[in-house]
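User: I'd like to go through this model and check what stands behind each label. Can you take me through the reasoning?

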Amino acid sequence: MLLRHFPLALALTCAASAAVADMRISAGGFSWDSELEGTIASGGDPVDLDNDLGFGYVRQTGAQLQLEHDAGLFPQARLRYLSLRADSQSRPSQALDLGGTRFPSGNPLHSDLNLEILDGTLYYAFAQDNDLRLDAGLTLRRLDGELVLESATRQGHQAIDDTLPQLHLAAHYPFRLLSDNAWFGAEVNGIYLDQDQLADFTLRAGWRSDFLFGVEVGFSQMFIKLDEDSDSAINLKFGGPYLALTLHF
């Protein structure tokens, strides 16, 4: 991978504590370029985002708000928002169909992909004697976006619109053999149905200094497969390795 395409995520995390049940509130945000591939079909053969439209990377911008506490009867909570935006200019070598509009081959074509993902997670945290922490719960994820194709005389679009529940699993392990402030983590959210499949996973490792600054490296990827009917199908995959600089306070 070329260095100019290696995603550098700029992350900011804020944390505060309250006296009620040792409540902890944290918030953070990030932005990075990740690899994108997949197809979208609407009224014709699938349109390949890479080969037909020239998409290679998509800008991801996100934020999250997390509430944790020590009241064992009540779940922990997290709210996350993710925005994906990409555009491209291409001259497809074959005719394309999208949303009932046919685009002849060889003509200049402008493509816009916008997708917003909002999910809420309720989970329980289980601490082990060796400091390993396991989380288990449920996520409800909302997808809202569209792909728009425009030529000099035509426009076509396909909406991405669905809400699905997911199983949430995560683990966090302090790696004190390396440093008291080093850790490993993993997370997966997923659901697999006959027509719809939605899943994401993240593997991460990090270190935080005693002076608020830290660093995190990892690999994150999301899969979206929605088959609305015989003529409309969405199949996307995006993600990749990242390096994040963090600030905690």
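Analyst: Sure. Buried residues make up 38% of the 249 residues in the protein chain. Keep in mind that this is a predicted model. Its chain has a mean pLDDT of 85, with 88% of residues at 70 or more.

User: What makes a residue buried, and why does E216 get that label?

Analyst: The cut-off is a relative accessible area under 20%. E216 comes in at 15%, so E216 is called buried. You'll find E216 in strand 14, which covers residues 213–229.

User: And why is L65 called partly exposed?

Analyst: Partly exposed is the band between the buried limit of 20% and the exposed limit of 50%. L65 has 46% relative accessibility, so L65 lands in that band. L65 is part of strand 5, residues 57–68. Once neighbours within four places in sequence are set aside, the contacts of L65 are I25, S26, A27, A77, R78 and L79. The C-alpha atoms of L65 and G120 are 9.7 Å apart, with the two positions 55 residues apart in sequence.

User: Back to E216: how do you know that its side chain makes polar contacts with R204 and Y242?

Analyst: The test is a pair of N or O atoms within 3.5 Å, where one can donate a hydrogen and the other can accept it. The side chains of E216 and R204 are joined at 3.3 Å, and those of E216 and Y242 at 2.7 Å. Both values are within 3.5 Å, so both pairs are called polar contacts. Beyond four places in sequence, E216 also touches other residues, including W183, A205 and L243.

User: What makes the largest nonpolar core a core, and which residues have the most contacts inside it?

Analyst: Its members have to be buried residues of the nonpolar kinds, joined through side-chain atoms within 4.5 Å. The largest such set has 30 residues, and those with the most contacts inside it are I40, L49, L53, L147, I160, I224 and F238. Strand 9 gives the most to this core, with four residues. In soluble globular proteins, nonpolar side chains tend to be buried together. As for I224, its contacts more than four places away in sequence include L115, L143, L236 and F238.

User: How do you know that strand 12 pairs with strand 11 and strand 13?

Analyst: Two strands need at least two bridges to count as a pair. Strand 11 and strand 12 have eight, while strand 12 and strand 13 have 11. Both counts meet the requirement, so both are pairs, and both run antiparallel. For concrete bridges, P174 partners W183 in strand 12, and N189 partners D200 in strand 13. Strand 12 and strand 13 also form a hairpin, with three residues between them.

User: How many helices and strands does the chain have?

Analyst: The protein chain has zero helices and 15 strands. Among its contacts with a separation of 6 or more, 59% link residues 24 or more positions apart.

User: Where is confidence lowest, and where is it highest?

Analyst: Strand 2, residues 12–18, is lowest at a mean of 50, and strand 10, residues 133–150, is highest at 95. Over residues 15–19 the pLDDT is below 50, and the model gives this stretch nine contacts beyond near neighbours in sequence. Residues 1–6 stay under 50 as well, with nine contacts beyond four places in sequence.

Methods
Residues are numbered from 1 along each chain as its sequence is written. This is a predicted model: local features need pLDDT of at least 70, side-chain atom pairs count only at pLDDT 80 or more; totals for chains, interfaces and linings use all residues. Side-chain values use heavy atoms; hydrogens and water are left out. Helices (H or I, at least four residues) and strands (E, at least two) are DSSP runs, numbered from the N terminus. Buried means under 20% relative accessible area, exposed over 50%, partly exposed in between (1.4 Å probe, protein chains only). Contact means heavy atoms within 4.5 Å. pLDDT is the predictor's confidence in each residue, from 0 to 100.
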